[in-house]
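Okay, thanks everyone, I'll keep this short. Have a look at the model on the screen, and then I'll walk you through the fold and a couple of residues.

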Amino acid sequence: MTDQKLILILKICISIGICLILLGIYLHNFNETVEAMGVQGIIISAVCVAFGMVLSLPTKMYLTFILVKREADKNQ
């Protein structure tokens, strides 16, 4: 797998993660159906935020590492 494909996949994972975080925030704050569900609604919104964090944060760190490494190799 080339670096370009890997970077594209990582950027897609970050985007999906951020979308899940925003979905969880929307469900928790603005959706009346989730509010009516009670504890189950809170769990649904928390799961969206949790999976969003899992997808976005480690991926962002790895993408930064790849880009820094590529820049260092380019300057040598």
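**Fold, helix pair, two residues**

So, reading along the sequence, you get the pattern α-α-α. That's three helices and zero strands in the chain, with helices and strands taken as DSSP runs (H or I, at least four residues, for helices; E, at least two, for strands) and numbered from the N terminus.

Before going further, the ground rules. It's a predicted model, where local features need pLDDT of at least 70, side-chain atom pairs count only at pLDDT 80 or more, and totals for chains, interfaces and linings use all residues. Residues are numbered from 1 along each chain as its sequence is written, and side-chain values use heavy atoms, with hydrogens and water left out.

Now the overall shape. The C-alpha trace spans about 60 × 15 × 15 Å along its principal axes. The radius of gyration is 17 Å, well over the 11 Å the globule rule gives for 76 residues, so the chain is more spread out than a compact globule. That radius is over C-alpha atoms, and the rule is 2.2 Å times the number of residues to the power 0.38. As for burial, 22% of the 76 residues count as buried; buried means under 20% relative accessible area, exposed means over 50%, and partly exposed is in between (1.4 Å probe, protein chains only).

On to the helix pair. How do α1 and α3 cross? The axes of α1 (residues 3–30) and α3 (residues 39–75) come within 7 Å and cross at roughly 150 degrees. Those axes are lines fitted to C-alpha atoms over the stretch in contact, with angles from 0 to 180 degrees between N-to-C directions. That makes α1 roughly antiparallel to α3, the cut-off for that word being over 145 degrees. By class, their contact has 22 nonpolar, eight polar and four charged residues; Ala, Val, Leu, Ile, Met, Phe, Trp, Tyr, Cys and Pro count as nonpolar, Asp, Glu, Lys and Arg as charged, and the others, Gly among them, as polar.

Let's zoom in on α3. Is Ser-56 buried or exposed? Ser-56, which is found in helix α3, is buried, with a relative accessible area of 2%. Leaving aside neighbours within four places in sequence, Ser-56 is in contact (heavy atoms within 4.5 Å) with Ile-14, Gly-17, Ile-18 and Ile-21.

Leu-57 is also placed in helix α3, but Leu-57 is partly exposed at 43% relative accessible area. Its C-alpha is 8.3 Å from that of Gly-17, 40 residues away along the chain.

Key: Angles under 35 degrees count as roughly parallel, over 145 as roughly antiparallel, 65 to 115 as roughly perpendicular and the rest as oblique.
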